[in-house]
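Biologist: Let us look for empty space inside this protein. Show me the structure, please.

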Amino acid sequence: MIQAIFFDFNGVIIDDEHLQMQVYQELFREQGIELTEADYMNSLGMDDETFVRAGYQRSNTSVTEDAVQAMLAEKTIRHRKLIENELPFFPGVVTFIKALARQHAVGLVSMATLDEAGYVLDRANLTPLFSVMVTAGDVSVCKPAPDCYRAGLEKLNEKRREQRLLPLLSNECLVIEDSPPGIQSGKGAGMRTLGVTNTVSEEALRAAGADVVTPSLFDWTVEAVQLVYNT
């Protein structure tokens, strides 16, 4: 039985993959480097620092640590400006998270920075709904490595032990992802997976091993999760 649900952030909770790409295209272009849509899509699952370094490497351009950090800081500023008037949540996702949190442990497992994810969740008063959060600073490798989801389960079980509850098994956890590396990460951690076609095709998510694929979380309920994954 599913006892915990781990959400990815960009592309699952917030509809900003296109905004992320737009900002990075601008920043790289200012450095004389062209970032294509294919480059961006092939980098899904990376944290921002790994993504920036990969962009310079593709163009055979050397970069200093200071330059990487400067680009990351400027990216945060520009991205935040694009969402300052309205947070672009996917339809139904906030309602779904709230419903799940009333009955299950809900976690965030993302390669976004805590600053970026926390800014959005705090503004929407969603932070208290997440029992645990794992972001880029908590792990040393990106998705598709399973480390981030393993870390999420470990954090969750630490809380459960403090509450004198039995630890959860990985197959009692559901991962909700929008990218093949994210699905592979969740599968590698031994968890069930739900792919959402917000970013890539159904075929790509199924090829990555998604147990179930859906076009949207709009119609998903707590009862639907239990019906689909516990039968």
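Biologist: What is the volume of the second largest cavity?

Modeller: Keep in mind that this is a predicted model. The value is computed from its atoms. For the second largest cavity, the volume is about 40 Å³.

Biologist: Which helix gives the largest share of the lining of the second largest cavity?

Modeller: The lining is made up of T76, H79, R80, I83, E116 and Y119. Two helices, α4 (65–82) and α6 (114–123), each supply at least two of these residues. The largest share is three residues, and it comes from α4.

Biologist: How many residues of each class are in the lining of the second largest cavity?

Modeller: Sort the lining residues, T76, H79, R80, I83, E116 and Y119. Tyr counts as nonpolar here. The split is two nonpolar, two polar and two charged.

Biologist: How many cavities does a search of the whole structure find?

Modeller: The search has a cut-off of 30 Å³ or more. The largest cavity has about 300 Å³. The second largest has about 40 Å³. The count is two.

Biologist: Which residues lie nearest the centre of the largest cavity?

Modeller: Its lining has 22 residues. Both α1 (17–30) and α3 (48–58) supply at least two of them. The largest share, three residues, is from α1. Nearest the centre are N10, E17, Y40, G45 and M46.

Biologist: How many residues in the lining of the largest cavity are charged?

Modeller: Divide the 22 lining residues by class. Seven are nonpolar and six are polar. The charged ones number nine.

Technical notes: Residues numbered from 1 in each chain as written. Predicted model: local features only at pLDDT ≥ 70, side-chain atom pairs only at ≥ 80, totals over all residues. Heavy atoms only, no water. 1 Å grid on protein atoms, 1.4 Å probe; cavity = no way out; pocket = protein on both sides within 12 Å on 5 of 7 lines; lining within 4 Å. Points joined across faces, edges and corners; volume = space filled by probe spheres on them. Helix = DSSP H or I, 4+ residues; strand = E, 2+ residues; numbered from the N terminus.
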